[in-house]
Amino acid sequence: MTPTRRDVFGIGALALATGSVSAAPRGSWAADGLNAAAARKGVAYGSAVNITPLRQNPAYGRALARECGVLVPENAMKLAYAWRAPGPIDFSFADETVAFAASNGQRLRGHTLVWHEGIPAWARERIARDAEGFLRDWIGAMAGRYRGRIEAWDVVNEICGPDGGRADGLRASPWLAALGPRYVDLAFTLLHDADPAAAGVWNENDLELDADWIAPRRAMVLRTLEGMVRRGVPVRRLGLQGHLYAKHPLDQDQLRRFLRDVAGLGLAIEITELDVNDKNFPADLPSRDRAVSDLARRFLDVVLDEPATLNVLTWDITNANSWLNTNPQRRRADGSIQRALPLDESFARTPLWRAMHRAFSEAPDHRAARDRLRRG
Ligand code: XIL
């Protein structure tokens, strides 16, 4: 599903229809962007998009157009934003994101159909009564609306329990309570019915860290994926969120083995939400930037060595919009802005941008694996 790359000086049809933000011309800016470096190796780089700053600040849209080959709405396609109250689903923010990506010739990921967070009270109540009907309506409407326009959908998000409380490793959630473990297979099947061309993704957090509770977590994911593949469930990719933390080391060998095992099941891999929480790194900027870049580079080297890795997305592109800076609980205690992402608050490229650009440029060629996996 390679998009037609085109320099766009106008705006897409859907953007016109919804009266939304337009893209900037790509021109030569894009030629040395992160996606250009990644694409030379058959990988795509992209970012989460937040519609509010996109409406307010044209520089943000230009940066996304220049650096990204693939976008994902940060919140617009979530239940909590699109279906806040019973009645019609509000697609306006999602439509704007889709139109913006189309106007830049960028591919799109969908995020996220089933999550334990952000379920409005009215929906909880219906899930308790009629979870299957609710899932059918929701996935049918959301994935159906963008049928044929989404490369991959995060079908389930963060479904591993944090506590290891259950033998199957699943997290307690309204979905599990109502349907039991079968909600996972069901959600993937419903996506396939709504949009057969979209790859179904299991998106998960805390698979990339090194801590004693990570090995059983990875084993659970592998075991569950293996069962799904055996049963013919239409799961095509595993998403590693890639939220990295200064306080957690990275065991490159174990991560490498895990990615190999996932690829061994015939699945593709995506990094879906990369950023670096620098809370435990030093305050002074040069040292902090160095530590952030080193951690990201160590991670990306392993991820990009794996031929099954298709996409690397960061969770927004500028520190100004990072959830690590906008969410008070995630801010640094010293009040200084987290240096989590490839662009700073003025959209200037940071040392992390340079580390990522080098990682893409020095990565092995993924094109053969990509062409095989995209068809899969
Ligand atoms: C976060 C957004 O960044 C916030 O704006 C929102 O308030 C809550 O969700 N893992 C995910 C994302 O899969 O959907 C989360 O996004 C961040 C953690």
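Arg109 sits across from Ala152 of strand S4 in this predicted model. Arg109 lies within the range of strand S3, residues 107–115. From S3 the chain passes through helix H7, residues 121–145, and on to S4. This β-α-β crossover is right-handed.

**Strand S4 and its partners**
- S3 and S4 run parallel and are paired over 5 bridges.
- S4 also pairs with strand S5, residues 199–204. These two strands are parallel as well, with 5 bridges joining them.
- Ala152 has Ala199 as its bridge partner in S5.
- S4 covers residues 152–157, and 6 of its 6 residues are buried, so the strand is largely enclosed by the rest of the structure.

**The bend in helix H7**
- At Asp130, H7 bends by about 120°.
- The end C-alpha atoms of H7 are only 24 Å apart. A straight helix of 25 residues would span 36 Å, at 1.5 Å a residue.

**The buried side of the account: H7 contacts**
- Buried residues come before the bend residue Asp130 in the numbering, including Trp122, Ala123, Arg126 and Ile127.
- Others among the buried residues of H7 are Ala131, Gly133, Phe134, Leu135, Trp138, Ile139, Met142 and Ala143.
- The buried residues of H7 pack against both strands that the helix links in the crossover, S3 and S4.
- They also pack against three helices: H5 (79–82), H8 (174–179) and H9 (182–194).

Definitions and conventions. Residues are numbered from 1 along each chain as its sequence is written. This is a predicted model: local features need pLDDT of at least 70, side-chain atom pairs count only at pLDDT 80 or more; totals for chains, interfaces and linings use all residues. Side-chain values use heavy atoms; hydrogens and water are left out. Buried means under 20% relative accessible area, exposed over 50%, partly exposed in between (1.4 Å probe, protein chains only). Helices (H or I, at least four residues) and strands (E, at least two) are DSSP runs, numbered from the N terminus. Two strands pair if DSSP finds at least two bridges between them. A crossover is right-handed if, with the strands pointing away from the viewer, the path from the first strand over the helix to the second runs clockwise. The expected span of a helix is 1.5 Å times one less than its number of residues. The bend at a residue is the angle between axes fitted to the seven residues ending there and the seven starting there. Contact means heavy atoms within 4.5 Å.
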